Amino acid sequence: MRDRYQVVIVGAGPSAIFAALTLMKGNVKNIAIFEKGKDIHNRKRGRAMDLLCGWGGAGAFSDGKLTLSTKVGGFLSDFIPQTELTTLLKKADETYLSFGAPKEIHGKSSDKTEALYHEAKLAGLEFIPMEIRHLGTENCVSLLTNIRTTVDKKMEVFFETPVKEILVDGTKTKGILLENGIEVNAEYVICGPGRVGAGWIKNEVQRLGIPSISSPVDIGVRVEAPASVLQTLTDLAYEAKFIYYSKTFDEKVRTFCMNPFGEVVTETIEEIVTVNGHSYAEKKTENTNFAILVSSTFTEPFNDPIGYGKYIARLANLLGNGVIVQRLGDFLDGRRSTPDRITRCMTQPTLPSATPGDLSFVLPYRHLKSIVEMLEALKPMMTVESRTPWILSTHAPLQPAPSLAEAASLEDYFLGGRKIPWWALGISGMASFLDITGTVLIVSFLYILGPRGLFIEFRGGAVLVLAIYLLWCNNHTYQGFQYRRAPDQGGLPGTDHSPQRRGRNPHTGHQHLGQGRDDQT
Ligand SMILES: Cc1cc2nc3c(=O)[nH]c(=O)nc-3n(C[C@H](O)[C@H](O)[C@H](O)COP(=O)(O)OP(=O)(O)OC[C@H]3O[C@@H](n4cnc5c(N)ncnc54)[C@H](O)[C@@H]3O)c2cc1C
């Protein structure tokens, strides 16, 4: 280690690496990077600390989705003029390409993206068309290794060396103090501590009296659905970005980090477990996942959005002993998901360790309401409408984990969303039997009695039999009651009533139509 560096950089994530590469191009000598994690070849994705810390930061095992648009990815345009930002974005992309990023670009503008844009407008959503270069999780590491090899001889990189403080002399920086007590002198200090270092930099900024502004905190859920449901969108846009303003709370809600055929993974920061998602370039799962996030900006007196996010994340961890997963249908029905219900869900979570639970114990009402409203608005954008089962999981970049899935549609289809009275359902069920029975009876009466038979049939068949069926017949009217009560995934068509398929209630002998609500909590 030298006595003095021109520039020291805290952290070795993408921001720090790009700062270092830019300084190198500008012929700045004596650069040192101090990183609390390990070098890229020593990082193991399965180890919590290694997932986010080390060479490549949180980007090392990320999806490696490079969004080539200035419209997403924070609020840099508040600080840098648009044209300059576009130039910087282009340079960053060229740098990735020079280190081996794939040449293919997804989401190029076309008539179809234009059509989607207008369709989204009609649904009250803003669709943000953008181009994406997808590295894929497995390629991130090799690309970062290429960069590491390139910078190796040109700057010093210290791993497993956490920085404790930024040192100042009056109003000027003079270096850094390491956790091990060593002081490092430097003319300039650049900090890129990322999300794992958010608490550290917040404390440092406060300690040094540097003015700062709070960013909005994003809290939400990660949604999982069969990849085919979203394939129209993902084939077209790869990462479909939608923005929505919720009706009830007028809050900004957005889709974030869509991972076609990807998987949901846990992310641990300061012992808080949250979720994130990624997809591999080659390996594919059956699901696509994305986050729906609600952005909240706090005003005075509260000024700790990160603390708020962590609080919610901790609550989820407390209740779910980690990540919570809930089917949308269970969530909408106001009941928790159970392992059994998750097993029966058509969408199987790619994060099997998540605990089936109830998100309404975790997320504030305004967040849940805004999320459900956005999901409703998104329905017309999906290949298959609401009948498709979903798995959603709470997601928040600073915080915890998972939730919901959909099952409401069968109810809508067979039960009219349980809003139709029992007698109407009874008539409806009966009508399907009346058709062929009536035809047989009419033909028989006509054959036996001639035209007089028609009168008998209408008087007896259409009025009397209908009334008898409606009031007493177990197979029809009672079925109406049963349909209304059928608690789980809605009623079933007549063919599904067969005991072979659904079984009978051992106590009453009645046909079993679905699982009761006794297992709710
Ligand atoms: C699973 C996953 C998937 C993602 N997918 C994408 C994606 O597809 N596209 C995308 O654009 N983004 C994605 N992201 C987000 C992306 O990884 C981050 O935006 C990016 O890594 C931020 O870069 P950074 O340099 O600011 O911070 P980080 O990457 O977080 O790096 C900060 C580094 O600083 C180190 N550090 C912190 N404090 C100290 C200290 N006091 N002393 C020494 N070192 C310290 C940390 O150990 C860490 O290595 C994903 C993230 C995850 C976790």
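Tyr96 turns out to be buried in this predicted model, its relative accessible area being just 16%, under the 20% cut-off. Its ring partner is Phe18, likewise buried, at 19%. Aromatic pairs add up to seven here. In the Phe18–Tyr96 pair, the ring centres are 5.1 Å apart and the planes meet at 40°, so this one goes down as tilted. The pair ties together distant parts of the chain, with Phe18 sitting in helix H1 (residues 14-25) and Tyr96 in helix H3, 78 residues apart.

Then there is Trp55 with Phe159. Their ring centres lie 6.4 Å apart with the planes at 75°, so the pair is edge-to-face. Again distant parts of the chain are linked: Trp55 belongs to the loop between helix H2 (48-52) and E3, Phe159 to the loop between strand E6 (156-158) and strand E7 (163-169), and 104 residues separate them. Trp55 is buried, at 1% relative accessibility, and Phe159 is buried too, at 19%. Trp55 also has a charged neighbour: the charged end of Arg148 sits over its ring, 5.4 Å from the centre.

A similar arrangement involves Lys172, found over the face of Tyr188 at 5.7 Å from the ring centre. Elsewhere, Phe298, Phe302 and Tyr308 are joined into a cluster by ring pairs.

On the surface, Phe75, Phe79 and Ile213 make up a nonpolar patch, together offering about 360 Å² of accessible area. Phe79 sits in the loop between strand E3 (65-67) and helix H3 (82-98). With a relative accessible area of 56%, Phe79 counts as exposed, because the cut-off for that label is over 50%.

How values were computed:
Residues numbered from 1 in each chain as written. Predicted model: local features only at pLDDT ≥ 70, side-chain atom pairs only at ≥ 80, totals over all residues. Heavy atoms only, no water. Patch = residues over 30% accessible without salt bridge, like charges linked within 9 Å, V, L, I, M, F, W, Y side chains within 5 Å. Areas by Shrake-Rupley, 256 points an atom, 1.4 Å probe, with all protein chains shown as cover. Salt bridge = Lys/Arg side-chain N within 4 Å of Asp/Glu carboxyl O. Helix = DSSP H or I, 4+ residues; strand = E, 2+ residues; numbered from the N terminus. Buried < 20%, exposed > 50% of the residue type's maximum accessible area, 1.4 Å probe, protein only. Phe/Tyr/Trp six-rings, centres within 6.5 Å; stacked < 30°, edge-to-face > 60°. Lys NZ or Arg CZ within 6 Å of the ring centre and 35° of its normal.
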